[in-house]
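Got your viewer open? Let's take a walk through this one, one selection at a time.

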Amino acid sequence: MKALLRRCGPLLRRLALLAAAAWLAGCAAQSAFRDGQALSQQGQLPQALERYAEASRLEPGSAEYRAAYLGTLERLVTRTLGQADKALADGDLAGAEAGYRQVLAVAAGNDRAQAGLRQLQQQQRWQRSLREAELAAARADWPAVNETLRPLLLEAPTHRRARELQQAAEDALGRSAQTAQQAPKELAAAYRKPISIEFRDTPLRTIFEVLARSSGLNFVLDKDVRGDQRASIFLKNSTVESAVNMLLTANQLEQRVLDAHSVLVYPNTPAKQKEHQPLMVRSFYLANADAKSLAATLKSLLKVREVAVDERLNLVILRDTPEAIRVAEKVVALHDVPEAEVMLEVEVLEVKRTRLLDLGVRWPDLLSLSPLPSATGAALTLSDLRNLGSATTGAALGGLSVSARQADTDANILANPRVRARNREKAKIHIGERVPNISITSAPNTGFVSESVTYVDVGLKLDVEPTIYLDNEVAIRIGLEVSNIISQVQTKSGTLAYQIGTRTASTVLRLKDGENQVLAGLIRDEDRSSGDKLPGLGEVPVLGRLFGRQTDDNSKTEIMLSITPRVVRNVMRPPASAQQFDSGTETGTGGGGVGGAAPPPAPVRPATTAPSTSSSSSAPPTATPAGNPTSTSEAAGSAVGGGVGGGVGGALGGVATSPATAVALRWEGPANVRAGETFTVTVLARGDQPVAALPLVLGFDPQVLQVVGVNEGSFLRQGNASTSFTSQTNVAGQVRVNLTRGGTTGAVGEAAAVSLTLKLLARPASGQASLSLLSAAPLGLLGRTLGVQLPQPLTVTVAP
């Protein structure tokens, strides 16, 4: 025995240690579980979740611990998601992100948290777009506002602030049909340049050459466009866009934007349209309108090329030209609005009055005599009848009763339902009960009998159909039915049927929002009188009550209906720009050009800073390149005289001068510089009219000069106004500067617009280094284009 104990001793000690460890683990798990319960009751769910996880880890087989852990996890996730959603709705993006990431930390892969993060990133992107749009609005760059807001409004069509900025841009531009044009900024700005031209019987190639020099654009002519085709055009105080559109329309041509500086001109024929006309695919996720109905509207109204409908997603997909898509967007915006809704407050009052008078004496009205049975109980015989007498005849007499009762009953039954109904949708109210009506069907041949039960609605039934008008008036079609059970009817087969009394009324009302209307007059008046009298004596006035009994029953019921409409949501009348817009021609949907609407340019006057030049053309070019005019006035003043290059016989004048010079620019810098030295030159601007933006492009020789720095001047910062300043230098030797001024006032007077710090790298062979102001496009208030006078290039002599 001792030997056995010695052999089993180590095993027993290990088992004891394991049992002790298990007991201690169980105690620790129980303690962690109790801690988790206490923390959960205090609302500290994250800490409670940790304690439940600890308990489950110490005792993995416990279903109680696991259930507590999962339940707490669900509560924590639900609470944290709710807080994150509320933070996102309130605009607290940092708090929302922290909440969603906290959920993903405890429940990796949670769909709602991941969707919330995606929505958060989307809102951050929207905020960046809004900030850019607000900055563009501050500098009155309304086309940039529309371009910036377009992706945002595609994702969130009902975004309030974005809609406000878009409406402001449309109001500033004057017409909204062209503000959403998808074209590069440079091209849109070039198309908005003011121009006045006069050509008579001039080749198209020549006209496009002049337009190219004036706008700085390249016009590429398709091989099938006849460059020698002659055209006449006379425009004053117009824009490059209008000139191009009129030329294209008059000569059956069409255009396609190739890039920021080039436009393709091709014949407007079906074959060429298929070859050159770009098509877009646009998806409309509808929130209110019906997809099939809207698709039918677009087909019939706009003759769209291809349309597909997904009824499951309430989605309409279009494939057509960009112009047709833009018109379709406006049509969809008019249709996809919430339905008008109205809350109908209804009060139904049933007033019932009953008067009952039961007064009089009911005398016995029946005396019955019957022979009494014999003492032996034998049956009566005829002999017994001959011996009838008062002792053998029984008598039965009715009782005497006196009635003196009067009952008055007043009852008001009120139903006060409130129902919310959509425009032109029926709403039904039934207050009452459904009474079963049993019918029996039998088959004579087989003897089969079946019963069927149908139900009849008894009580109050109200049907309303509102029509909500834009002036907040509501027309209501009302159907009222009040029914009650009068009596039960039992058939020969023993089934029950009901006699139902019904009162109905129907009418159409037109009420203002909040106006009350009472409908009354559904009256039921019953008078019943019944008597039980002694003949003759019961007819005596007054005293007749002593010789008879009379019951008078009067019942009167009236139904009154009170209805008050309250408009919950109505359709707002859209602005005039949305109600009426250009939709193109019968052969082409869209209308409007690339550049968007521009304010009318200022009156023109002859330029005094740049003389007119003449141009000539030789072989028919495929592309008409843009030149580099030394000033906008010079470009606008280019004229095609009669007989350009010997091929134009009847041209009149050509392009007139640009608008009156509102901004004049000049250089200020040193006259002599040594190689290796650093020097500063300044562009001074003088504004005769308020200037809100001043984009500049400066040119230099990168082999001779190096740009060290570009600094903003004080011209647009007059009055401590906020400004936006950006500059970009490229390897081709150009410095692009964009200056914009915030607020509602512009800069006037003369001051430094921009200063450049340059380093002279080497002495050129000519001994001179030059700087050129290649272009300037100043804008006034509300995006108005201003005329500008550019200086001659600045020449600096390089000392040996």
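Start by selecting Arg686 and look straight across to β29: the residue standing opposite is Glu750. Keep in mind as you go that this is a predicted model.

Now widen the selection to the two strands around that pair. Strand β24 covers residues 678-691 and strand β29 covers residues 747-760. They run antiparallel to each other, joined over 11 bridges.

Next, bring in the rest of the sheet. Which strands belong to it, and in what order? Going across, you pass β26, β29, β24, β22 and β31, five strands in an open sheet with mixed pairing. Strands in a sheet pair through backbone hydrogen bonds, in either a parallel or an antiparallel way. Color β26 (705-712) and β31 (787-789) and you have the edges: each has a single partner strand, so one side of each has no neighbour in the sheet. If you look along the sheet, neighbouring strands are turned by 20° against each other on average, ignoring direction.

**Down to the helices**

Jump to residues 63-89, which make up helix α3, and add residues 93-106, helix α4. A pair of packed helices is described by the angle and the distance between their axes. Here the angle is about 160° and the axes are 7 Å apart. That makes α3 roughly antiparallel to α4. The two cross in a left-handed way.

Show side chains where they touch. On the α3 side, pick out residues including Leu73, Leu76, Val77 and Leu81; on the α4 side, try Leu93, Ala96, Tyr100 and Val103, among others. Sorted by class, this contact has 12 nonpolar, four polar and one charged residues.

Keep α4 on screen and add helix α5, residues 111-138. How do the axes of α4 and α5 sit relative to each other? They come within 9 Å and cross at roughly 155°. α4 and α5 are therefore roughly antiparallel, and α4 passes α5 in a left-handed crossing.

Some α4 residues to highlight here are Leu93, Ala96, Tyr100 and Val103, along with Glu97 and Arg101. Facing them in α5 are residues including Arg112, Leu117, Leu120 and Gln124. This contact of α4 with α5 has eight nonpolar, five polar and three charged residues.

**A stop in a loop**

Select Leu388, in the loop between α14 (382-386) and β11 (393-397). Is Leu388 buried, exposed or partly exposed? Its relative accessible area is 38%, so Leu388 counts as partly exposed. Leaving aside residues up to four places away in sequence, Leu388 touches Pro371 and Thr393. Try a distance label too: the C-alpha atoms of Leu388 and Leu372 are 9.1 Å apart, with their positions 16 residues apart along the chain.

**Last stop: three strands in a row**

Select residues 427-443 for β14 and 448-468 for β15. These strands pair in the antiparallel sense over 17 bridges. To see one of the bridges, click Glu433, whose partner in β15 is Val458.

Then add residues 473-490, strand β16, which pairs with β15 in the antiparallel sense over nine bridges. Thr467 is a good marker on this side: its bridge partner in β16 is Ala475.

Finish at the hairpin of β15 and β16, where four residues lie between the strands. Click Asn472 there and check its backbone: Asn472 takes a positive phi near 65°.

Technical notes:
Residues are numbered from 1 along each chain as its sequence is written. This is a predicted model: local features need pLDDT of at least 70, side-chain atom pairs count only at pLDDT 80 or more; totals for chains, interfaces and linings use all residues. Side-chain values use heavy atoms; hydrogens and water are left out. Axes are lines fitted to C-alpha atoms, for helices over the stretch in contact, and angles run from 0 to 180 degrees between N-to-C directions. Angles under 35 degrees count as roughly parallel, over 145 as roughly antiparallel, 65 to 115 as roughly perpendicular and the rest as oblique. A crossing is left-handed if the near helix is turned anticlockwise from the far one by less than a right angle, and right-handed if clockwise. Contact means heavy atoms within 4.5 Å. Ala, Val, Leu, Ile, Met, Phe, Trp, Tyr, Cys and Pro count as nonpolar, Asp, Glu, Lys and Arg as charged, and the others, Gly among them, as polar. Two strands pair if DSSP finds at least two bridges between them. Buried means under 20% relative accessible area, exposed over 50%, partly exposed in between (1.4 Å probe, protein chains only).
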